[in-house]
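Student: I would be grateful for a close examination of one part of this structure, the metal site. Please describe the site itself and then relate it to the rest of the chain.

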Amino acid sequence: MTEVAKEPRPGRNDLCWCGSGQKYKKCHLESDGAGRTVPRPRPRRPALVPGRVTPARAVPAGIPRPDYALTGQPGGTGRDVKTAGELERLRRACQAAARVLRIGGEAVRVGITTDALDAICHDEMIRLGGYPSPLNYRGFPKSICTSPNEVICHGIPDSRPLADGDIVNLDITIWLDGMHGDCSATFLVGEVDEAGRRLVRVARECLERGISVVRPGRPVGDIGRAIEPHAAASGFGVVRSYCGHGIGETFHTSLQIPHHVDPRARRVMEPGLTFTIEPMITEGRWDDALWDDGWTAVTADGRRSAQFEHTVLVTADGAEILTTE
Ligand code: MF3
Ligand code: CO
Ligand code: CO
């Protein structure tokens with residue numbers, strides 16, 4: 001996810017930004033968190049606490065590494081519109097990412113630690129000849145991101161065992177053939193309550209809706225315009241501080257793909273353009289907070305968040321999902 005600046009909200013009596021034609025106070029004011037403070041249901045579970053993080057896993061000498069593997073600092077800007085040759089390499093990376101996500105997801109069960117899931121995914125990425133993109137990316141300490149319950153994204157795998165009733169997102173990015181392939185999914189752990197299952201279902205639908213409006217000649221802002229009303233119809237929020245991103249030789253290019261309605265997202269899609277769509281959907285308010293570790297993004301209200309992500313290609317007449325097996 002790429003971090004974006006906050007934008008100003010409308011006044012109480014202005015028209016709502018979502019295009020409903022209603023005044024802001026009658027529409028999104030409350031769910032934006034801009035209204036008076038109303039009592040909210042307490043989260044049913046105790047707040048998540050950070051566990052112990054094991055040392056970074058080793059990458060064998062024979063595996064090629066991206067520029068930041070040693071320094072932590074990615075360089076280069078990366079082209080967003082791909083040549084046929086670049087696309088061929090990106091396809092391989094994306095297919096590998098999808099495979100690792102499936103294998104990680106199959107290992108999710110009550111009692112497994114997120115650190116153990118990190119090990120399983122790390123080993124599979126190495127076996128495929130790829131480098132786990134998160135490892136030392138801007139100093140990130142592990143090979144995948146694991147984000148349970150109120151964690152929005154960028155959770156660091158640690159010693160906490162998954163509990164019955166948790167939801168957990170696994171976000172996998174692999175660097176293979178000089179290209180990053182990026183995808184994620186949210187998994188149910190044991191018996192999840194109806195509200196949690198609904199949140200996960202709507203998050204998946206939000207990704208599908210975002211992909212469905214991808215076509216050349218349209219601005220990338222169409223994606224958030226398709227996603228946000230669908231989340232809002234279920235009373236859910238859409239995270240604004242993190243968005244999708246251009247991807248390829250660079251993990252995150254300067255191209256940003258907001259998942260909420262954002263009139264600034266004017267870049268027009270064209271065939272060959274590749275980016276991720278990865279909406280983070282919240283049970284309550286969309287506001288985020290950051291743990292002291294500098295990575296773990298959580299909901300400010302402590303309620304749950306779910307996310308699905310694909311890397312997609314703009315084709316002559318729509319979108320192709322690249323992160324499939
Ligand atoms: N995979 C995440 C994304 O979807 C980015 C993780 S960056 C890391 O953009 F450093 F936290 F790994
Ligand atoms: Co991404
Ligand atoms: Co990702």
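Tutor: In this predicted model, the cobalt ion (ligand 2) has six donor atoms around it that subtend angles of 52 to 160°, and this spread makes the arrangement irregular. An octahedral assignment would require opposite donors to be over 155 degrees apart and all others to lie between 65 and 115. For comparison, ideal angles for six octahedral donors are 90 or 180 degrees.

The residues that coordinate the cobalt ion (ligand 2) are Asp182 through OD, His245 through NE2, Glu278 through OE and Glu309 through OE, at 2.0 to 2.2 Å. Along the sequence, these donor residues follow the spacing D-x62-H-x32-E-x30-E. His245 belongs to strand β8 (residues 242-245), whereas Glu278 sits in the loop between β10 (274-277) and β11 (280-282), so this pair ties together parts that are 33 residues apart in sequence.

The cobalt ion (ligand 2) has a metal neighbour: the cobalt ion (ligand 3) is 3.3 Å from it, and Asp182 coordinates both.

The cobalt ion (ligand 3) takes its protein donors from Asp171 (OD), Asp171 (OD), Asp182 (OD) and Glu309 (OE), which lie 2.1 to 2.4 Å from it. Asp171 thus appears twice in that list of donors. Around the cobalt ion (ligand 3), the six donor atoms subtend angles of 58 to 170°, so the arrangement there is irregular. The spacing of its donor residues in sequence is D-x10-D-x126-E. Here Asp171 lies in strand β5 (residues 167-176) and Asp182 in strand β6 (residues 179-188), so the pair ties together parts that are 11 residues apart in sequence.

Turning from the metals to the helices, one pair is formed by α4 (residues 194-212) and α5 (residues 221-233), which pack at an angle of about 155° with their axes 8 Å apart. The two helices are therefore roughly antiparallel to each other, and their crossing is right-handed. On the α4 side the contact is made by Val202, Glu205, Cys206, Arg209 and Gly210, and on the α5 side by Ile223, Ala226, Ile227, His230 and Ala231. Sorted by class, this contact has six nonpolar, two polar and two charged residues.

Another pair consists of α2 (residues 84-107) and α3 (residues 114-127), packed at an angle of about 150° with axes 9 Å apart. That angle makes α2 roughly antiparallel to α3, and the crossing of α2 and α3 is right-handed. Helix α2 contributes Arg99, Val100, Ile103, Gly104 and Ala107 to the contact, while α3 contributes Leu117, Ile120, Cys121, Glu124, Met125 and Arg127. By class, the contact of α2 with α3 comprises seven nonpolar, one polar and three charged residues.

Conventions
Residues numbered from 1 in each chain as written. Chains lettered and ligands numbered in written order. Predicted model: local features only at pLDDT ≥ 70, side-chain atom pairs only at ≥ 80, totals over all residues. Heavy atoms only, no water. Axes fitted to C-alpha atoms, helices over the stretch in contact; angles between N-to-C directions. Helix = DSSP H or I, 4+ residues; strand = E, 2+ residues; numbered from the N terminus. Parallel < 35°, antiparallel > 145°, perpendicular 65-115°, else oblique. Left-handed = near helix turned anticlockwise from the far one by under 90°. Contact = heavy atoms within 4.5 Å. Nonpolar A, V, L, I, M, F, W, Y, C, P; charged D, E, K, R; others polar. Donors = N, O, S within 2.8 Å, 3.2 Å for Na, K, Ca; no water. Tetrahedral: all angles 85-135°; square planar, octahedral: opposite > 155°, others 65-115°.
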